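Here are some exercises to work through with the model open beside you. Try each task on your own before reading its solution.

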Amino acid sequence: MISHTTVTAVALAILIPYIARVPGMAVHGPDWLWSYFPSLFGIAFFAAFAAIPGAALAFLAHMMPQHSFAFSLGAAAMTVALFFLHASLDLASDSTAAIALVIFPFLAMIMMIGGFAVGVASTWLATRRR
């Protein structure tokens, strides 16, 4: 059975890139958001890569269910990384800019693992001092 933690992590990872594009529409116009909707296959391809950090977060949460604080820090780090990376990406800048859509999930996953590790370490320190 799929837990709500898994659904939350994957949905967050898939939706944040689109949400990050909305503020840029004020400056760049609606094409700023629509550049992330190339075709039906393009959306599926993008969603598959965007789900990578969310799936990694869900895996860590499943392996260590007692660390809800670590899950929260990991989700926050992933969200912030995805938001800033996708909010600043101009796909029309050059022909290789779309490669970033493949690289960004892995960068966000590194940030998520760092946030999760900080959460686990802080929980361990808090329980150790009791």
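Contact here means heavy atoms within 4.5 Å. Keep in mind throughout that this is a predicted model.

**Exercise 1. Describe the surroundings of His86: in which helix does it sit, is it buried or exposed, and which residues does it touch?**

Solution.
- Step 1: Find the element. His86 belongs to helix α5.
- Step 2: Check the accessibility. Buried means under 20% relative accessible area; His86 has 2% relative accessibility, so it counts as buried.
- Step 3: List the partners, leaving out residues up to four places away in sequence. His86 touches Pro17, Ala20, Arg21, Tyr36, Phe46, Leu101 and Phe104.

**Exercise 2. Set out the overall make-up of the protein chain: how many helices and strands does it have, and what box do its C-alpha atoms fill?**

Solution.
- Step 1: Count the elements. The protein chain has six helices and zero strands, and from the N terminus on the order reads α-α-α-α-α-α.
- Step 2: Take the extent along the principal axes. The C-alpha atoms fill a box of roughly 55 × 30 × 25 Å.
- Step 3: Look at burial. Of the 130 residues in the protein chain, 33% are buried.
- Step 4: Turn to contacts with a separation of 6 or more. Residues 24 or more positions apart account for 75% of these.
- Step 5: Consider confidence. The mean pLDDT of the protein chain is 89, and 98% of the residues score at least 70. Helix α3 (residues 31–34) has the lowest confidence, at a mean of 88, while α6 has the highest, at 93.

**Exercise 3. Work out how the largest nonpolar core is put together: which residues touch the most other members, and which helix gives the most?**

Solution.
- Step 1: Pick out the best-connected members. The core has 16 residues, and those touching the most other members are Ala9, Leu57, Phe71, Met78, Leu82, Ala108 and Met112.
- Step 2: Assign the core to elements. At least two residues come from each of α1 (4–21), α4 (40–63), α5 (68–87) and α6 (100–128). The top contributor is α5, with six residues.
- Step 3: Zoom in on one member. Not counting residues up to four places away in sequence, Met112 touches Pro53, Ala56, Leu57, Leu60, Gly74, Ala77 and Met78.
- Step 4: Look beyond this core. Apart from it there is another core, of eight residues, including Tyr36, Leu89, Ala97 and Phe104.

**Exercise 4. Compile a profile of each of the two pockets: what volume does it have, and which helix gives the most to its lining?**

Solution.
- Step 1: Start with the largest pocket. Its volume is about 210 Å³, and 13 residues line it, with Thr5, Ala61, His62, Pro65 and Phe71 nearest its centre.
- Step 2: Trace that lining to its helices. At least two residues come from each of α1, α4 and α5, and α1 gives the most, with four.
- Step 3: Sort the lining of the largest pocket by character. Five residues are nonpolar, eight are polar and none is charged.
- Step 4: Move to the second largest pocket, which holds about 180 Å³ of space. Its lining consists of Ser35, Tyr36, Pro38, Gly42, Phe45, Phe46, Phe49, Leu91, Ala98, Leu101 and Val102.
- Step 5: Trace this lining too. The elements that give two or more residues are α4 and α6, and α4 gives the most, with four.
- Step 6: Sort the lining of the second largest pocket. Nine residues are nonpolar, two are polar and none is charged.

**Exercise 5. Place Phe45, Gly114 and Ala121 in their helices and classify their accessibility.**

Solution.
- Step 1: Recall the cut-offs. Partly exposed lies between the buried limit of 20% and the exposed limit of 50% relative accessible area.
- Step 2: Take Phe45, in helix α4. Its relative accessibility is 41%, so Phe45 counts as partly exposed. Phe45 and Thr96, 51 residues apart in sequence, have C-alpha atoms 17 Å apart.
- Step 3: Take Gly114, in helix α6. At 34% relative accessibility, Gly114 is partly exposed. Its C-alpha atom is 33 Å from that of Ala26, 88 residues apart along the chain.
- Step 4: Finish with Ala121, also found in helix α6. A relative accessible area of 36% makes Ala121 partly exposed. From Ala121 to Ala97 the C-alpha distance is 36 Å, with their positions 24 residues apart in sequence.

Conventions. Residues are numbered from 1 along each chain as its sequence is written. This is a predicted model: local features need pLDDT of at least 70, side-chain atom pairs count only at pLDDT 80 or more; totals for chains, interfaces and linings use all residues. Side-chain values use heavy atoms; hydrogens and water are left out. A nonpolar core is a set of buried Ala, Val, Leu, Ile, Met, Phe, Trp, Tyr and Cys residues joined through side-chain atoms within 4.5 Å. Buried means under 20% relative accessible area, exposed over 50%, partly exposed in between (1.4 Å probe, protein chains only). On a 1 Å grid over the protein atoms alone, a cavity is a set of points where a 1.4 Å probe fits but cannot get out, and a pocket is an open set with protein on both sides within 12 Å along at least five of seven lines; lining residues have an atom within 4 Å of a point. Grid points are joined across faces, edges and corners, and a volume is the space filled by probe spheres set on the points. Ala, Val, Leu, Ile, Met, Phe, Trp, Tyr, Cys and Pro count as nonpolar, Asp, Glu, Lys and Arg as charged, and the others, Gly among them, as polar. pLDDT is the predictor's confidence in each residue, from 0 to 100.
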